[in-house]
Amino acid sequence: MSNRATNPRVMISAAIAAALLFSAITPEAFAKNKMEPVPQWALDAAKIPTPKAARDAKAVMLFDEYVITLDEQNHAVERERSAVRILKQQGRQYAQCAVDYDVDEKLNYFRSWTLTSEGKQFQAMQSDFTDRGAYTGAVMQFTERFRVVKPPASDPGSVVVCETEKHLRPYMNEEEWNIQSSIPIVQEALELALPPGGHYAESWRKYHPVKPIETGNNHLRWEIKDMPALDLEDVNGAPPWGALAARMSIKWGDAAVKGADNQWRALGLWQQQLEQHRADPTPEITAKTQQLIAGAPDLYTKLSRITTYIQKNVRYFVVMRGIGGWQAHYAGDIFRNRYGDCKDKTTLLIAMLQAAGIRGYYFHVDSRRGIIDPAAPSLYGNHMITAIELPDGEDDPQLMARVKAVNGKTLLIFDPTDEETPVGLIRAQLQGAWGNIANGADSQVLQMPVLSPEAAGRVRKGSFTLAPDGSLTGDISETFIGDDAMSERMFIKESDSKEIHDALEDRLGKDLTNLKFKGFKFAQTDDLTKPLKLDLHVSDSNYAHTAGALLLVRPRVLGSHVRTMTDIMQGKPRTYAIELGHAAHFRDSFDIAIPAGYVVDETPDPVDVNFDFASYKSSVFVKGNLLHYEREFVIKDVEISAGEASNFRKLQSTIMNDERSTAVLKKP
Amino acid sequence: MRQSAEGPGYAVTPPQAYSDNATKRDASIAIDVRGHITGSLRIMTTGQRALKWRQRALRIDEAELKKEYDKSLEAIVPDGVEAHVDHFLGLSDPNAILMAVINLKGTVGTSTSKRLLLPAAFFESRQHTSFVSTEKRHESVDMGYPERVDESVSYHLPEGMAVEGAPEDSQVPWQGHAIYGFKTTTRPETLTVTRQIVTAFTLAKPQEYQDLRRFYQNVATADEQQLVLKISTAPEQLARGN
């Protein structure tokens, strides 16, 4: 189906890859150069009227049908038929159809026709199809590809129909039916043709379960009509699209068990069986682990040494082919080669933990919060991380990212692919998200914790001197922890010194228009267990402005917590949750020495607002010849409900007003 | 390359004058002592900017065009101000001036107990990136096209509010290349700010980079200034109707 949860991964030579790719497309898959008649199903679909509710849409999906046919080995062939009517000029993009294929996923055919509003018919010819790799990125080697058609005459009023058929991966027992799109869908259906004695299980997300119609012996059909669009184009700060969209997961074979808990357990068992013996430590791994943990006084130190070793020494590199999209390499190979993807890094970590007498487990997650839903078991997800079993009574406060499993064990969640987040913490996108632990009969879906605001944030201090001509000179020191240190460290790692200089200059220049950037220095960049420090030296030749006899100064010299959320600020009705980023505590403190001959005539009023999800306070006062500004901003959660939109608006308005507030100086 | 009576040959497309690409922004705004505003804005364009919107209108319908135009306005109106296109005039006539008629509402500036401080340049008050310093420039700076932008913002002041301080009228010239002008005019109950920027060149040569940067730094400094309005009646009293 179009939005896949799984991707095959392979490492092969270019010559073999070419041969395999060629074999993945049958001659039938290539479009003909002679027009074929439009099939009857397409003619019927094109007659479906546009519903009233869809008339403002850019395009409407009139018909979308999947038929999955399983043979006695549970190998599946999937056919898709779709018809889209273009309603507006800007809806032309919806005319394109695409299908993915791979070495294990042979494409049988792909055809497309256009039926115009004037009654003309066109068929996409070979030159209208293109093939491209499914992913980009210098750290990936893969064989999966997309075949895309750009249909002719896809103008407003036209109906574009597409028909594909392909073999699904023989080792998978699940497909995701994405029943919602960014345009409305009038009619959609999924048919499942099971072999004799075959059985299935289903799970639904963001949609009430639909009962299938039995259209034949072991032949089931689910139908849905008038599915509204999920269009987030003009929605700021929404959760990821996939976290809000309706979908259904259909399972067969061993995955087809009843009940959510049982389905999660079956998925965990499948994953565990797939990785069996992959994480067994070799003598070399054991020796290295013993060397790393020698003399470590406590569990935190042991974990820190092992995880830091993997973060710093195992390069992230993805090789994707077939089952390799799900199955890791052997720990010994990963250790020897010093590279791997997320599963590989987890595998090596589990092996090293085992060598240190600590149990670790595969924990399947998605890097976007909200995609995995505990009520809808499926293999949906794009990332593998590690759950580390903590001994009973282990209460080291540095080990914050803990969850309690149903078997009573406490697990520490850690992502070995994240090279900038130390053990004990997890980055914001994982906080509050769900994942499935592969632990035999104890496999289960678990929610990762939202960390305390004190686990992340920044302290910024500035000391400045203002001259009578309005120029400002000063020094700033910043200290970052948690997720804020992680993003800064990533920025440092991915940039050379000029890029860092330019990016900092750009950042400072947003508040200091006539900036002269005199220099910067980062400290404690490598040791993830310590806060990251940054010193900046700046001047601005025109910071304060005269207005008649007055000198106007903005006490908040730099930094902003304002977010561009136009729809919320304009009070538009809100349906979706609002993403806050990450829980954190930010503190700013600035002293500005005012020029001789001036006194402060007026300062902005103090600000203090407090909501369940955040608080903000600031104050400006005069200490001798210093104009002192300080503020604290605490974000307490990662996401809030749509019902909090008006409070979020109040918070943002307060911050915006505070950040532009002005102190008035005058000559006495 | 072009075909002429003498056969094929090289030709240079004619340069444009800044007057060929003109934008005029006229705003009329009613403001209260807390900085709440309502008003209207008309943006009239000829040349390249009009062409861009007309070309866009060929690919999307008018409702979508209004949405995109609103989005472009978000970058130029002050934080806290909403701008929504009511209608377009001359959209389908390439020989006419393209006019967008826009409604404004929201809050502008920042207030203290005695004063309301407004951004001097209404359309330039958003936080933006400064013109970074580069010691050596190897390539010309391409401005796209020469252009003239004229702005006029009239604030209609309520009773009890008067201008206490305003930036001095100023001009920033860059001889032979560009000019910037800023002026405030105060009449009873009305404060009008006019701003003009003309760039009469398309390419600035590498050796002109420092002059170019100096010009835009001076423009940014002038645009950052504030208007100070004194409130003689406390906002609370006005709210109570005293």
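In this predicted model, A:Glu478 touches three residues once its neighbours within four places in sequence are set aside: A:Arg458, A:Arg460 and A:Leu534. A:Glu478 itself belongs to strand S26 of chain A. With 21 other C-beta atoms within 10 Å, and 20 being enough for the term, A:Glu478 therefore counts as buried. A look along the chain adds a sense of scale: A:Glu284 lies 194 residues away in sequence from A:Glu478, and 42 Å separates the C-alpha atoms of the two.

Strand S26, which spans residues 472-481 of chain A, also brings helix H9 into the picture, as this strand is among the elements covering the helix's buried residues. The cover further includes strands S25 (457-466), S28 (532-540) and S32 (584-593) of chain A. Beneath it, the buried residues of H9(A) are A:Gly482, A:Asp483, A:Asp484, A:Ala485, A:Met486 and A:Arg489. The helix itself runs over residues 482-493, 12 residues in total, and its first and last C-alpha atoms are 16 Å apart, close to the 16 Å expected at 1.5 Å a residue.

Turning to the contact between the chains, chain A and chain B contribute 29 residues each. On the side of chain B that touches chain A, at least two residues come from each of helix H2 (62-74), strand S8 (115-119), strand S11 (161-165), helix H3 (209-223) and strand S16 (226-231) of chain B. By residue class, this side of chain B comprises 11 polar, 10 charged and 8 nonpolar residues.

Technical notes. Residues are numbered from 1 along each chain as its sequence is written. Chains are lettered from A and ligands numbered from 1 in the order in which they are written. This is a predicted model: local features need pLDDT of at least 70, side-chain atom pairs count only at pLDDT 80 or more; totals for chains, interfaces and linings use all residues. Helices (H or I, at least four residues) and strands (E, at least two) are DSSP runs, numbered from the N terminus. The expected span of a helix is 1.5 Å times one less than its number of residues. A residue is buried if 20 or more other C-beta atoms lie within 10 Å of its own, exposed if 12 or fewer, and partly exposed in between; C-beta atoms are placed from the backbone. Two residues are in contact if their C-beta atoms, placed from the backbone, lie within 7 Å. Ala, Val, Leu, Ile, Met, Phe, Trp, Tyr, Cys and Pro count as nonpolar, Asp, Glu, Lys and Arg as charged, and the others, Gly among them, as polar.
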